[in-house]
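I opened my notebook to record what I looked up. Here is the structure I worked from.

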2 protein chains.
Amino acid sequence: MHSPEELTQRFRARGLKVTPQRQAVFRALFNNDMHPTADAVYAQVAEQMPTISLRTVYQTLNDLTEMGEILHLELGTGSARFDANVEQHHHHLVCEGCGLVRDVDADLSSLQFSSVLPTGFRVSETEILLRGRCESC
Amino acid sequence: MHSPEELTQRFRARGLKVTPQRQAVFRALFNNDMHPTADAVYAQVAEQMPTISLRTVYQTLNDLTEMGEILHLELGTGSARFDANVEQHHHHLVCEGCGLVRDVDADLSSLQFSSVLPTGFRVSETEILLRGRCESC
DNA sequence: TTCCTTATCAACAATGTTTGCAAACTAGCT
DNA sequence: AGCTAGTTTGCAAACATTGTTGATAAGGAA
């Protein structure tokens, strides 16, 4: 995602207002590779801004997702994870014990689909998910 | 998954009882490649057995999943999908329009992960998800 | 700076999926 | 037929997420 300063520009360019709440969410996500849930973002922001509501965090996360600044991931961990790394295409590794998510690069160029895809199906995204257990789980 | 008759044996062998409700769920899933939701299974079974409860369908689906007879899939479509094909390892294709799910075979043997996995991480499953739009969406 | 328009905030209610619970019931054994 | 442990059911609750609405604040213009 872009820096909080750049996001301020981009939000205004879209006619969206830049509030202290939104800036706090920007800062919580910038350079964050934890793939936090909405609730985790809320918890982090609420430390500095106890009056913010979970609803506002969801709203801002949805706005950022629509703008392509973050990725909304559904990894089967019960709640959505948000990924601030949209610069380089990558895949994910999920610990089934503690829910840890990590980015993983993979070379897809050699991938072959041996069965024919349904006629007319247009693939927009190829996603690889590695499930397993991390060292401490 | 195994046939309804074989499932009857396997449930009894585990000390689980075989009720008409469970048999109806067995039949609804056998040779079913629709990847239905719990609610879809319920709807299908309820046609023949209107008194069955959604709770019982969930219970039986969970039992079958624990026994490895079906797969519980979380594909980001809002609700879990159940896959009766556990015989051959495969991947999935999801239509983001209508929620259609189809099995896809893929050759993973050449897949290379260019970044190092976290030390001590044990991968138990490699899952490929193709998202896109089917012909009618 | 002040005003004004419009988007946003916060609290609450509502939705949808899945699970917990307790009482009534039944499969399968004797 | 009777016993008993496992099942079913209906309802409530948990959980993540979204809808709603009066009050509030941001940002542009004067």
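My entries below cover the copies, the shared sheet and the DNA surface.

**Entry 1: the two copies.** I noted at the start that this is a predicted model. I laid chain B on chain A and got an RMSD of 0.1 Å. The move is a turn of 180 degrees with a shift of 0.0 Å along the axis. That is the relation of a two-fold axis. Next I looked for the C-alpha of chain B nearest this axis, and it belongs to Ile128(B), 2.3 Å away. I also checked the contact residues: 100% of those of chain B recur in chain A, so the same surface serves both copies.

**Entry 2: the sheet.** I traced an open sheet of six strands. Its order is 4(A)-3(A)-5(A)-5(B)-3(B)-4(B), and the pairing is mixed. Which strands sit at the edges? They are strand 4 (101-104) of chain A and strand 4 (101-104) of chain B, each pairing on one side only. On average, neighbouring strands are turned by 30 degrees against each other, direction ignored. I then followed strand 3 (residues 91-95) of chain B, which pairs with strand 4 of chain B in the antiparallel sense over four bridges. Val94(B) stands opposite Val101(B) of strand 4 there.

**Entry 3: DNA strand D.** I found 26 residues around DNA strand D. Val18(A), Ala80(A), Leu16(B), Thr19(B) and Thr56(B) are the closest. Helix 4 (54-66) of chain A, and helix 2 (20-29) and helix 4 (54-66) of chain B, each give two or more residues to this surface. Helix 4 of chain A gives the largest share, four residues. I sorted the surface by class: eight nonpolar, twelve polar and six charged residues.

Technical notes: Residues numbered from 1 in each chain as written. Chains lettered and ligands numbered in written order. Predicted model: local features only at pLDDT ≥ 70, side-chain atom pairs only at ≥ 80, totals over all residues. Near = placed C-beta within 6 Å. Nonpolar A, V, L, I, M, F, W, Y, C, P; charged D, E, K, R; others polar. Pairing = 2+ DSSP bridges. Axes fitted to C-alpha atoms, helices over the stretch in contact; angles between N-to-C directions. Least-squares fit on C-alpha atoms with pLDDT ≥ 70 in both. Contact = placed C-beta atoms within 7 Å.
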